[in-house]
Amino acid sequence: VKIIFNMHLKTATPYEAILENGEHIPSFMVISTVPASPNPMIDQLESLPLEKGKIKTNINLQVEGSDHLWALGDCALIPSPTGKGYCPPTAQFALREGGTLAHNIHASVKGKKHKPFKFKVLGMLGALGHHSAVAELFGKFRFSGFLAWLLWRAIYWMKLPGVDRKIKVAVS
């Protein structure tokens, strides 16, 4: 194991990792721990409340200190419905944030009450390659290997738009 601090990965191929300083590291596996990050344009919005490079919102997805601005997804720092921490920037959260945001914008236009964002995590899946994955479902069931990979593949396959894409992915 080689740990290199203060260095960015420039690119990775199936056979090597290439660092920003030009160093080539032969490898047959690259594990990325890069966090999801908001669009760099957010940093230019100095008039908005920012924390950790994200726009701070309340539990209704409204930008703090505003009655007409909203944020969700990777660009937003949304308080967790559990009251502890913030919502992670994952697709399962963003999809549900979209529904809450649509409701709240409509409620604002109609002069009605906003609803808070609520969502309980269904689980987390992570593909590791070579028909292997890790899974945690409902915060209780943890497993790994081929079964976890099959579940990961099936769930993401079901979410693909269009029959043509589903067929391509199934064949691959």
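**Close-up 1. Ala-127 and Ala-133 are bridge partners, the latter in strand β8.** The model shown here and in the other views is predicted. Strand β8 covers residues 132–137 and runs antiparallel to β7, to which 6 bridges join it. The two strands make a hairpin with 2 residues between them, and in this hairpin His-130 takes a positive phi near 55°. Strands of a sheet pair through backbone hydrogen bonds, in either a parallel or an antiparallel way.

**Close-up 2. Strand β8 also pairs with strand β9.** Strand β9 consists of residues 141–145; 5 bridges join β8 to β9, and the two run antiparallel. One of the residues to look for is Ala-135, whose bridge partner in β9 is Phe-143. A hairpin is formed here too, with 3 residues between β8 and β9. Phe-138, in the turn, has a positive phi of about 55°.

**Close-up 3. Helix α1 has its buried residues on the same side.** The helix runs from residue 91 to residue 110. At 1.5 Å a residue, its 20 residues should span 28 Å, and the end C-alpha atoms are 29 Å apart, which agrees. Which residues of α1 are buried? They are Gln-92, Phe-93, Glu-97, Thr-100, Leu-101, Asn-104 and Ala-107. These residues cover an arc of only 150° around the axis, so they lie on the same side of α1. An α-helix has 3.6 residues a turn, so residues three or four places apart point the same way. The buried residues of α1 pack against β7, residues 123–129. Ala-91, Leu-95, Val-109 and Lys-110, on the other side of α1, are exposed. Just after the helix, Gly-111 takes a positive phi of about 75°.

**Close-up 4. Phe-93 and Phe-119 form an edge-to-face pair.** There are 4 aromatic pairs in the structure. In the pair shown, the ring centres of Phe-93 and Phe-119 are 5.0 Å apart and the planes are at 90°, so the pair is edge-to-face. Phe-93 belongs to helix α1, while Phe-119 is in the loop between α1 and β7, so the pair ties together parts that are 26 residues apart in sequence. Are the two residues buried or exposed? Phe-93 has a relative accessibility of 5% and counts as buried. Phe-119, at 15%, counts as buried as well. Ring pairs link Phe-93, Phe-117 and Phe-119 into a cluster.

**Close-up 5. Trp-152 and Tyr-156 form a tilted aromatic pair.** The ring centres of Trp-152 and Tyr-156 are 5.9 Å apart, with 50° between the planes. A pair of aromatic rings is described by the distance of the centres and the angle of the planes. Both residues lie in helix α2, residues 146–159, and are 4 residues apart, about one turn of the helix. Trp-152 is partly exposed, with a relative accessible area of 22%. Tyr-156 counts as partly exposed too, at 43% relative accessibility.

**Close-up 6. Lys-166 has its charged end over the ring of Trp-157.** What is the distance from the charged end of Lys-166 to the centre of the Trp-157 ring? The distance is 5.4 Å.

**Close-up 7. Leu-72 lies in the loop between β5 and β6.** In this loop, which joins β5 (54–56) to β6 (76–77), Leu-72 is partly exposed, with a relative accessible area of 29%. Leaving aside neighbours within four places in sequence, Leu-72 is in contact with Ile-78, Ala-94, Glu-97, Gly-98 and Leu-101. Of these contacts, Glu-97 and Leu-101 are among the buried residues of α1. Ile-4 is 68 residues from Leu-72 along the chain, and the C-alpha atoms of the two are separated by 34 Å.

**Close-up 8. Strands β4, β5 and β6 form an open sheet.** The 3 strands are in the order β4-β5-β6, and the pairing is mixed. The edge strands are β4 (50–51) and β6, each of which pairs on one side only. Strands β5 and β6 run parallel and are joined by 2 bridges. Ile-55 has Ala-76, in β6, as its bridge partner.

**Close-up 9. Strands β1 and β2 form a hairpin.** Strand β1 holds residues 9–12 and strand β2 residues 16–19; 3 bridges join the two, which run antiparallel. Between the strands there are 3 residues. Leu-9 stands opposite Leu-19 in β2.

Note on methods
Residues are numbered from 1 along each chain as its sequence is written. This is a predicted model: local features need pLDDT of at least 70, side-chain atom pairs count only at pLDDT 80 or more; totals for chains, interfaces and linings use all residues. Side-chain values use heavy atoms; hydrogens and water are left out. The expected span of a helix is 1.5 Å times one less than its number of residues. Buried means under 20% relative accessible area, exposed over 50%, partly exposed in between (1.4 Å probe, protein chains only). The arc is that of the directions from the helix axis to the C-beta atoms. Contact means heavy atoms within 4.5 Å. Rings of Phe, Tyr and Trp (its six-membered ring) pair if their centres lie within 6.5 Å; planes under 30 degrees apart count as stacked, over 60 as edge-to-face and the rest as tilted. A charge sits over a ring if NZ of Lys or CZ of Arg is within 6 Å of the ring centre and within 35 degrees of the ring normal. Two strands pair if DSSP finds at least two bridges between them.
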